[in-house]
Amino acid sequence: MNRVRYLGDVGYLADGNMSMKDISNSVRKRRMVGTIPPVYPNGWFGLIEAHRLKKGTSINISALGLNLAVFRDEEGEAHIVDAYCPHMGANLAAGGRVKGKCIECPFHGWKFRGDTGECIDIPYADKIPSQAKVKAWPTMELNNWIYIWHHAEDIQPSWLLPEIDEITSGEWTYRGRSEHFVNCHIEEIPENGADVQHLSQVHGPIMTAGIDLRYMWSKLWSFANHEWRARWEANEPPEGHIGTLFLSHSIKVFGKRIPPIDLDLEVRQIGPGVVYLKFESVFGKGMYMQSLTPVEPMVQKIVHNIYVQRRMPTIIAKFYLYAEAIQVERDIMIWNNKKYEGKPVFVKSKEDGLIARHRRWYSQFYSEHSPRLTFQKDTMDW
Ligand code: FES
Ligand SMILES: [Fe+2]
């Protein structure tokens with residue numbers, strides 16, 4: 001299963017005169033008000049699923065305000081370097097060939113090492129200038145993803161992503177992916193995890209009620225609903241970069257719970273860009289893996305992969321992935337149309353208190369030089 005929804009595909013209010021694409025552009029313009037946190041937090045971010053990068057090939061990826069050449073060398077190791085060649089600015093991933101541990105620029109053949117970014121060969125010169133270097137980014141290949149470490153102060157990784165043994169060992173098997181583009185500030189998406197009060201509102205109506213928040217309350221589907229119980233907490237050091245949401249889910253039909261379809265979930269938000277969501281059901285165990293990466297200051301890419309125990313019927317695993325995608329697409333309708341509220345009007349309650357706590361927790365991923373977006377309300381043109 002591979003469900004892909006681009007920006008403008010879901011979550012906008014098309015009105016017959018304007019397409020969802022036009023609306024997505026106009027929302028981007030008119031919503032640009034107020035102060036928002038920096039747009040590219042510090043941490044690990046997934047760039048591409050590892051199996052999609054073949055040995056000896058490169059791919060050009062734009063993310064986090066960077067233009068990157070991601071390549072797998074001839075020994076199988078993955079590297080991430082700045083895409084532009086320091087010689088004349090050609091894009092290394094647009095026709096550059098992978099040779100040994102290096103990528104060779106397609107323009108004049110300069111060769112750069114993937115691990116250090118150093119130029120080690122210029123075909124027509126003996127002396128290599130010391131500035132002949134591309135930036136090589138800290139790279140981690142894990143759980144079938146290639147992750148980049150992005151830090152505005154240029155410091156080396158201060159924490160790592162945990163390996164999922166069940167995936168490495170092959171005990172759990174891959175059953176598909178979904179991919180969504182969302183028009184909002186990156187922090188909105190993890191914040192959803194601590195926002196336990198939105199669960200019954202946005203994720204209450206059953207799946208068949210659809211993804212359009214305007215119509216999902218129809219009487220037709222009111223005989224059943226999702227019920228969620230949730231608790232969020234920040235982990236203790238040295239896991240301070242992790243926040244955990246404990247979630248139990250059941251479906252009620254005519255007010256009665258159906259225990260066999262209960263689902264218990266442990267959702268670990270690991271830094272700003274990665275979520276490992278383990279679940280347990282009567283059909284077996286498994287996990288959703290979420291990768292969240294900013295492709296533009298206010299455009300985020302979310303990929304979900306699902307892995308399950310081999311004994312779980314494939315159709316069930318695909319259903320779980322589909323069910324998750326439906327719930328995400330409802331959130332997308334909120335995210336695409338809202339603004340980041342820097343000064344929310346909170347009430348004194350456990351629920352709103354959690355969101356405030358999440359914001360304090362999340363602020364650890366911003367630092368002095370984190371890139372900010374300043375809005376020019378009237379002149380902005382996409
Ligand atoms: S631009 Fe890359 S070698 Fe000339
Ligand atoms: Fe949500």
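**Questions on a predicted model**

Trainee: In which strand does S248 lie?

Mentor: The structure is a predicted model. Within this model, S248 belongs to the strand covering residues 242–253. That strand is β15.

Trainee: Is S248 buried or exposed?

Mentor: The relative accessible area of S248 is 19%. A residue counts as buried under 20% and as exposed over 50%. With its 19%, S248 is therefore buried.

Trainee: Which residues is S248 in contact with, leaving aside its neighbours within four places in sequence?

Mentor: The contacts of the buried S248 may be listed in the order of the chain. Once neighbours within four places in sequence are set aside, S248 is in contact with E227, W228, R229, L263 and D264.

Trainee: How far apart are the closest N and O atoms in the salt bridge of R229 with E227?

Mentor: Both partners are among the contacts of S248. R229 is partly exposed, with a relative accessible area of 42%, and E227 is partly exposed as well, with 26%. The closest N and O atoms of their salt bridge are separated by 4.0 Å.

Trainee: What is the corresponding distance between R214 and D212?

Mentor: R214 counts as partly exposed, at 42% relative accessibility. It forms a salt bridge with D212. In this pair the closest N and O atoms lie at a distance of 2.8 Å.

Trainee: How many residues apart in sequence are the parts that K301 and E179 tie together?

Mentor: K301 and E179 form a salt bridge, with the closest N and O atoms 3.9 Å apart. K301 lies in strand β20 (residues 299–309), while E179 lies in strand β13 (residues 172–182), so the pair ties together parts whose separation in sequence is 122 residues.

Trainee: Is E179 buried or exposed?

Mentor: Its partner K301 is partly exposed, with a relative accessible area of 22%. E179 has 7% relative accessibility, and the cut-off for a buried residue is under 20%. E179 therefore counts as buried.

Trainee: Which residues are linked with K301 in a network of salt bridges?

Mentor: A search of the whole structure finds 24 salt bridges. The bridge between K301 and E179 belongs to a network. Linked with K301 in this network are E49, R52, R177 and E179.

Trainee: Which residues are the protein donors of the iron ion (ligand 2)?

Mentor: The donor atoms lie 2.1 to 2.3 Å from the iron ion. Along the chain, the donors follow the spacing N-x5-H-x4-H-x127-D. The atoms are OD1 of the asparagine, NE2 of each histidine, and two OD entries of the aspartate. The residues are N192, H198, H203 and D331.

Trainee: How many residues apart are N192 and D331?

Mentor: N192 is buried, at 17% relative accessibility, and D331 is buried, at 7%. N192 lies in helix α3 (residues 188–194) and D331 in helix α5 (residues 314–337). The pair links distant parts of the chain, with a separation of 139 residues.

Trainee: Which are the edge strands of the open sheet formed by four strands?

Mentor: The order of the sheet is β6-β7-β8-β9, with antiparallel pairing. An edge strand here pairs on one side only. The strands that do so are β6 (97–99) and β9 (119–121).

Trainee: What is the bridge partner of F112 in β9?

Mentor: Strand β8 (residues 111–113) and β9 run antiparallel and are joined by two bridges. In β9, the partner of F112 is C119.

Key. Residues numbered from 1 in each chain as written. Chains lettered and ligands numbered in written order. Predicted model: local features only at pLDDT ≥ 70, side-chain atom pairs only at ≥ 80, totals over all residues. Heavy atoms only, no water. Pairing = 2+ DSSP bridges. Donors = N, O, S within 2.8 Å, 3.2 Å for Na, K, Ca; no water. Buried < 20%, exposed > 50% of the residue type's maximum accessible area, 1.4 Å probe, protein only. Contact = heavy atoms within 4.5 Å. Salt bridge = Lys/Arg side-chain N within 4 Å of Asp/Glu carboxyl O.
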